[in-house]
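Biologist: Could you take me through a structure one feature at a time, giving the general idea before the case at hand?

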Amino acid sequence: MALDLSAVRRAVGGTCVTARLPERTPVDGVAHVEALVVIGNPDYATLVTGDREVLLTALTTPGPASNALPGAVFVSPEDDAELRSALARHGMTAVLGTRLSGTALHSSLLALIADDRAAADRLVTAGMNVLTQVARRGGVTAVIAELARRIDGWAVLLDAHGQVIASAGAGRLHVSDAAAFALGRPVRVRHDGLQLHRVGSEQDLAGSLVIATRSSRTSHARDLSSLAAALFDLLLRSHDPTLTEHLGRGALIDILVDGGQRAEALLHRWGVHERTLTAFEVGTRTRTIDLERLLRRWFDELGAEHVFAADHGHIRGFVRDDLAAGLLDRVRSFSPVAGMRVHIGVGDPAPVGALSRTATQAHQALDAALEDGRPGVRYAELPSVELVLSALGAAAQGQLAGLLEPLVQPSGESGDLARTLRVFLAENGAHRASAARLGIHRQTLVARIRRVEALTGLALERADDRAVAWLALREYGL
């Protein structure tokens with residue numbers, strides 16, 4: 001906790017007689033009554049020690065001391081009605097009747113403040129060490145999330161034009177006020193502990209960091225955020241050489257999901273010669289876990305090729321069928337800190353030339369794992385689809401499969417329409433997410449969905465028809 005007047009009273013004894021400054025006011029300095037001429041920070045208490053007569057004379061003599069002293073706190077072993085009355089007339093807070101006096105009292109107060117500052121410095125240093133480690137694992141996004149947690153508030157990182165780069169703990173109004181505050185405009189809501197830290201110099205501004213803390217240790221938040229701003233300056237100006245690799249891996253996974261001979265040839269070049277593979281998708285609700293690093297270690301332990309890539313905060317990929325159980329076990333046993341859990345969804349094995357179905361299954365299994373809070377879920381363990389299909393007779397199953405025949409190419413492979421339908425249903429009908437996953441414009445997606453509806457007779461805005469479409473996809477094996 002921050003050193004405040006109540007902590008001072010407990011350390012040196014006595015009674016806190018409040019006036020202008022309340023007992024919870026934090027303390028930032030101590031001076032002899034003869035030496036005080038100005039209050040350094042009006043939000044903090046400056047302690048003064050010395051002779052009562054010198055204090056009372058200074059309070060009644062016009063000058064810098066008489067103006068400054070009412071904003072300070074007199075700490076003294078004396079305590080009587082006359083002294084209390086004089087202090088009350090000038091509105092000066094005091095800690096009276098202390099156990100110590102003279103040099104011993106003054107030295108003890110200096111030691112208290114020094115210890116508090118040292119503890120604060122240690123907290124800032126420890127916090128910065130964590131932020132540096134987080135930056136190595138997750139970059140700007142992870143640092144902003146960890147910073148918001150450590151200052152007990154929210155944080156918004158803006159570029160030089162006031163556009164949001166990253167934020168954590170901040171709602172829409174917070175982000176709006178952060179941009180207004182950074183650009184010198186009035187904010188709409190009064191936020192406690194609102195602070196602005198420039199990222200870079202005035203001559204070479206990279207952005208702005210705006211924070212608001214609910215903690216009473218505003219100085220701790222200020223110091224840590226100031227150092228974080230310097231770290232953001234370094235991160236924003238550093239080129240990430242792994243970005244090209246990430247983009248390349250994502251493109252390779254897309255080729256595998258599209259299937260066909262090109263996918264099989266790519267897997268051979270990747271060193272994978274199995275005829276079937278199992279898809280998986282890994283995710284977490286925290287941004288401070290480096291999923292890629294975890295998976296690289298686990299795949300090395302399993303002796304598997306690194307056939308995976310990051311995709312919208314998740315990691316999706318493929319693993320040998322016999323290694324899927326080992327990957328699941330590692331996820332289930334991973335528990336570094338409470339609340340920092342990793343979740344995985346695993347699909348059914350599928351031919352290497354037609355991996356899209358198992359990829360979709362893994363995505364749905366991960367959704368179930370995240371929703372239920374389970375570490376790992378196999379698609380085969382999801383009871384709903386298998387239960388419905390197993391309860392249908394042969395005629396009904398044939399009717400289901402027949403719904404999608406117009407979407408299948410003469411060669412028997414699923415075309416763009418079937419693939420669009422599968423992704424659209426997997427994304428719960430979300431147009432933006434579906435278009436991004438397919439790599440097409442939203443209008444193209446809308447046109448394809450309308451074409452699917454025209455060919456199948458389904459109305460995909462209806463929940464019942466979407467359920468039928470998904471059962472049909474499952475039955476047809478698309």
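Modeller: Let us begin with a charge over a ring, keeping in mind that this is a predicted model. Arg249 lies over the face of Phe308, at 5.9 Å from the ring centre, and the ring in question belongs to a residue that is buried, with a relative accessible area of 2%.

Biologist: Which residues do ring pairs link into a cluster with Phe308?

Modeller: Ring pairs join Phe308 with Phe280 and Phe299 into a cluster.

Biologist: How should I read a pair of aromatic rings, and how many aromatic pairs does the count come to?

Modeller: In general, a pair of aromatic rings is described by two quantities, the distance of the centres and the angle of the planes. Here the count comes to three aromatic pairs. In one of them, the rings of Phe280 and Phe299 have centres 5.7 Å apart and planes at 50°, so the pair is tilted. This pair links distant parts of the chain, since Phe280 is in strand β10 (residues 276-284) while Phe299 is in helix α10 (residues 291-302), 19 residues apart. Phe280 counts as buried at 1% relative accessibility, and Phe299 is likewise buried, at 0%. The rings of Phe299 and Phe308, for their part, have centres 5.0 Å apart and planes at 70°, so that pair is edge-to-face.

Biologist: Let us turn to charged side chains: how many salt bridges does a search of the whole structure find, and what is the N to O distance between Glu78 and Arg52?

Modeller: The general idea is a proximity criterion, a side-chain nitrogen of Lys or Arg lying within 4 Å of a carboxyl oxygen of Asp or Glu. A search of the whole structure finds 21 salt bridges, and in one of them the side chains of Glu78 and Arg52 meet at 2.9 Å, N to O. The two residues belong to distant parts of the chain, 26 residues apart, with Glu78 in the loop between β4 (73-76) and α4 (81-89) and Arg52 in helix α2 (residues 52-60). Glu78 is partly exposed, with a relative accessible area of 30%, whereas Arg52 is buried, with a relative accessible area of 9%.

Biologist: Which residues are linked with Arg52 and Glu78 in a network of salt bridges?

Modeller: The network of salt bridges links Arg52 and Glu78 with Glu53 and Asp80.

Biologist: How do I read a salt bridge inside a helix, and where do Asp416 and Arg419 lie?

Modeller: In general, an α-helix has 3.6 residues a turn, so residues three or four places apart point the same way. Asp416 and Arg419 are three residues apart in helix α15 (residues 416-426), so about one helical turn separates them, and their side chains meet in a salt bridge at 2.4 Å, N to O. Asp416 is partly exposed, with a relative accessible area of 40%, whereas Arg419 is buried, with a relative accessible area of 18%.

Biologist: And is Asp322, which forms a salt bridge with Arg320, buried or exposed?

Modeller: Asp322 is exposed, with a relative accessible area of 53%, while Arg320 counts as partly exposed at 30% relative accessibility. The closest N and O atoms of this salt bridge are 2.8 Å apart.

Biologist: How do I read the burial of a helix, and which residues of helix α6 are buried?

Modeller: One asks which residues of the helix fall under 20% relative accessible area, and then what covers them. In helix α6 (residues 172-182) the buried residues are Val175, Asp177, Ala178, Ala179, Ala180 and Ala182, and what covers them includes the strands β6 (153-159), β7 (164-168), β8 (195-200) and β9 (205-213). After α6 comes Gly184, whose phi is positive, near 80°.

Biologist: Where does Ala368 lie, and what separation do the C-alpha atoms of Ala368 and Tyr379 have?

Modeller: Ala368 lies in helix α12 (residues 356-372) and is buried, with a relative accessible area of 14%. Its C-alpha atom and that of Tyr379, 11 residues apart along the chain, are separated by 9.1 Å.

Biologist: To finish, how many helices and strands does the protein have, and what share of its residues counts as buried?

Modeller: The protein has 18 helices and 15 strands, and of its 478 residues 48% count as buried. Among contacts between residues at least 6 apart in sequence, 59% join residues at least 24 apart. The accessible surface comes to about 23300 Å², of which 51% belongs to carbon and sulfur atoms.

Notes. Residues numbered from 1 in each chain as written. Heavy atoms only, no water. Helix = DSSP H or I, 4+ residues; strand = E, 2+ residues; numbered from the N terminus. Buried < 20%, exposed > 50% of the residue type's maximum accessible area, 1.4 Å probe, protein only. Contact = heavy atoms within 4.5 Å. Phe/Tyr/Trp six-rings, centres within 6.5 Å; stacked < 30°, edge-to-face > 60°. Lys NZ or Arg CZ within 6 Å of the ring centre and 35° of its normal. Areas by Shrake-Rupley, 256 points an atom, 1.4 Å probe, with all protein chains shown as cover.
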